[in-house]
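Please look at how the two parts of this protein meet, taking the sequence and the model together. The report below describes that meeting place step by step.

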Amino acid sequence: MAGRPILGIDDVVMEYASRDGPVTALERVSLAIVEGDFVCVVGPSGCGKTTLLRIIAGFVAPTRGEVRLDERRILGPDHQRGVVFQQPALYPWLTVQANVEFGPKMRGVPAGRRREVAEHYLRMVKLLDFRTKATWELSGGMQQRVAIARVLANDPRILLMDEPFGALDALTREHMQDELLRIWKETKKTVFFITHSVEEACYLGTRIVVMSPRPGRVLADVDAPFSRHASNGDSRAVKSSRDFVALRERVLELIWVE
Ligand SMILES: Nc1ncnc2c1ncn2[C@@H]1O[C@H](COP(=O)(O)OP(=O)(O)OP(=O)(O)O)[C@@H](O)[C@H]1O
Ligand SMILES: [Mg+2]
């Protein structure tokens with residue numbers, strides 16, 4: 001059930017200048033992402049995952065190749081790509097609600113409408129009751145949910161997430177995985193998600209992109225069925241099932257072999 005193409009990454013090369021000469025972070029990376037995909041990217045530390053995300057976000061330009069969103073070349077950051085980092089990076093001087101309203105406010109959305117939008121997404125991440133709090137009054141998992149609501153309030157075409165649950169404890173992390181799957185299904189957004197956890201990638205992804213050690217190349221692009229199915233709230237049952245373990249081991253092997 002292939003959707004509409006949304007993001008095209010064509011032959012992207014990224015070289016950074018360093019004192020010892022140029023460092024090639026990415027070597028001819030190509031990917032085609034369709035609407036509604038949940039793409040999980042795994043690979044060893046330093047293989048260029050964050051570099052790729054930063055290029056898609058428009059924070060940096062690739063040395064060669066190009067990235068297109070809806071057939072338009074990405075030339076700089078804008079609200080079409082919403083980025084969620086490992087640390088939530090909320091504005092501490094604003095309330096939870098004002099953080100979520102920030103993007104729409106910058107784009108000139110009238111006050112009444114942006115309040116509606118913020119409340120809609122705060123309800124979606126189950127934090128409506130906390131809307132008048134300061135961000136530092138929330139736990140790490142709650143702050144990450146505000147960060148997700150803040151990005152969704154901009155109605156981006158694609159969510160770019162760089163190890164968003166990497167700083168959370170194991171229990172909160174599993175809970176956030178299920179919350180994100182629920183939000184993904186509810187909003188039908190396309191997601192590009194970097195993680196160090198192969199289990200997390202197999203659980204969340206519709207596709208798992210495995211990258212090689214630096215210079216990063218796409219080693220494998222594997223379909224994963226689990227996130228499209230309902231887990232009935234029992235994620236451990238899914239993660240310990242035979243099919244899931246087989247996929248997890250297959251992906252781990254791809255990473256180890258390199
Ligand atoms: N701004 C920069 N200037 C120079 N080199 C950089 C810069 N950013 C990243 N690099 C180098 O590019 C390579 C890829 O880095 P990147 O942060 O994309 O890796 P990563 O896969 O996200 O790693 P991790 O899993 O540890 O987050 C690394 O060798 C890194 O040292
Ligand atoms: Mg990184």
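## Where the two domains meet

In this predicted model, 16 residues of domain 1 are in contact with 13 residues of domain 2, where contact means heavy atoms within 4.5 Å. Domain 1 covers 5-80 + 156-257 and domain 2 covers 90-155, with bounds that come from an automatic or database domain assignment.

The size of an interface is often given as the accessible area lost when the parts come together. Here that area is taken with a 1.4 Å probe and summed over both parts, and the table gives its value beside the distance between the domains.

| Item | Value |
|---|---|
| Distance between the C-alpha centres of domain 1 and domain 2 | 25 Å |
| Area buried between domain 1 and domain 2 | about 1,300 Å², 72% of it on carbon and sulfur atoms |

Two salt bridges are counted between domain 1 and domain 2, a salt bridge being a side-chain nitrogen of Lys or Arg within 4 Å of a carboxyl oxygen of Asp or Glu. Lys 126 forms a salt bridge with Glu 179, and their closest N and O atoms are 3.3 Å apart.

On the side of domain 1 that touches domain 2, strand 7 (158-162) and helix 5 (170-187) each supply at least two residues; helices (H or I, at least four residues) and strands (E, at least two) are DSSP runs, numbered from the N terminus. Helix 5 gives the largest share of this side, seven residues.

Residues are numbered from 1 along each chain as its sequence is written. Side-chain values use heavy atoms, leaving out hydrogens and water, and local features need pLDDT of at least 70, while side-chain atom pairs count only at pLDDT 80 or more.

Technical notes:
Chains lettered and ligands numbered in written order. Buried area = accessible area lost by both parts, 1.4 Å probe.
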